[in-house]
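Here are my notes for a colleague who is opening this entry for the first time. Please keep the 3D view at hand while reading.

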Amino acid sequence: MTAIPQKVDGRRERTRRTRAAIVAALTALLDEGRIEPTAAEIARRAGVAVRSIGQHFASREQLLLAVTVHHAARLALPPLDADAPLPVRIEQLVLRRARVLEASMAMRRAAAVVLARSPAVARALERAAKERRAETSRLFAAELAAADDPQAAERTVALVTSGRAWDALRVELGLGVKAARDQLARMLEDALHR
């Protein structure tokens, strides 16, 4: 018995490609440091007409939400091994966070501008922060439970592994990526050995 080939709906496929092109274009512009690109810039980068943006996204907020989903998906990584020795867990988390946070610096700057106007984007970023915090809580559960004040230790770990801390290391303190990773590892070790 031979399988009957599925007929591809050309309109749906074009819609999917156009939406993806618009999201990819805005993502690329944000990655390049363009905090609030115009619809014309997004359309030009996507290779679509300006009106296509409005046809595919009812509001700028919908487009921004699609970008946050796209950005999260491109940085998704498998879970780290919570049973590995502590130095290995610290090293793996630092490498992962450095990669993700470095790749997200422009997005965080853009989000800071948009947050006041976009409750949905604020909620999406809050969810991402909770996911990062859950990852560190799972990864360092034994060390956090053994701390004198487990809640304070958990908050410290969440803070030192946050995007704000990474941005402070890279921008405010002017550290290169390797120096920032080394500093993050030291701060994390200090937080977990209390």
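The points below cover two helix contacts and two residues that take part in one of them.

1. Status of the model. This is a predicted model. Please read every value below with that in mind.

2. How H9 lies against H11. Two packed helices are described by the angle between their axes and the distance between the axes. Helix H9 spans residues 150–160, and helix H11 spans residues 177–192. Their axes are 9 Å apart, at an angle of about 175°. Angles over 145 degrees count as roughly antiparallel, so H9 is roughly antiparallel to H11.

3. What fills the H9 and H11 contact. H9 contributes Ala153, Thr156, Val157 and Val160. From H11 come Leu184, Met187, Leu188, Ala191 and Leu192. Sorted by class, this contact has 8 nonpolar residues, 1 polar residue and no charged residues.

4. How H7 lies against H9. Helix H7 covers residues 119–139. The axes of H7 and H9 come within 10 Å and cross at roughly 125°. That angle makes H7 oblique to H9. The crossing of H7 past H9 is right-handed.

5. What fills the H7 and H9 contact. On the H7 side are Arg133, Thr136 and Ser137. They meet Glu154, Arg155, Val157 and Ala158 of H9. By class, the contact of H7 with H9 divides into 2 nonpolar, 2 polar and 3 charged residues. Val157 is worth finding in the view: it is listed in the contact of H9 with H11, and it is also listed in the contact of H7 with H9.

6. Ser137. This residue sits in helix H7. Is Ser137 buried or partly exposed? Its relative accessible area is 25%, so Ser137 counts as partly exposed. Setting aside residues up to four places away in sequence, Ser137 touches Leu144 and Glu154. Trp166 is 29 residues from Ser137 along the chain, and their C-alpha atoms are separated by 19 Å.

7. Glu154. This residue belongs to helix H9. Its relative accessible area is 16%. Buried means under 20%, so Glu154 is buried. Not counting neighbours within four places in sequence, Glu154 is in contact with Arg133, Ser137 and Leu144. Leu144 is thus touched by Ser137 and is also in contact with Glu154.

8. The link between the two residues. What joins the side chains of Ser137 and Glu154? They are joined by a polar contact of 3.4 Å. Ser137 lies in H7 and Glu154 in H9. Both appear in the list of residues where H7 meets H9.

Definitions and conventions. Residues are numbered from 1 along each chain as its sequence is written. This is a predicted model: local features need pLDDT of at least 70, side-chain atom pairs count only at pLDDT 80 or more; totals for chains, interfaces and linings use all residues. Side-chain values use heavy atoms; hydrogens and water are left out. Axes are lines fitted to C-alpha atoms, for helices over the stretch in contact, and angles run from 0 to 180 degrees between N-to-C directions. Helices (H or I, at least four residues) and strands (E, at least two) are DSSP runs, numbered from the N terminus. Angles under 35 degrees count as roughly parallel, over 145 as roughly antiparallel, 65 to 115 as roughly perpendicular and the rest as oblique. Contact means heavy atoms within 4.5 Å. Ala, Val, Leu, Ile, Met, Phe, Trp, Tyr, Cys and Pro count as nonpolar, Asp, Glu, Lys and Arg as charged, and the others, Gly among them, as polar. Buried means under 20% relative accessible area, exposed over 50%, partly exposed in between (1.4 Å probe, protein chains only). A polar contact is a pair of N or O atoms within 3.5 Å; within protein, one must be able to donate a hydrogen and the other to accept it, and residues adjacent in sequence count only if both atoms are side-chain atoms. A crossing is left-handed if the near helix is turned anticlockwise from the far one by less than a right angle, and right-handed if clockwise.
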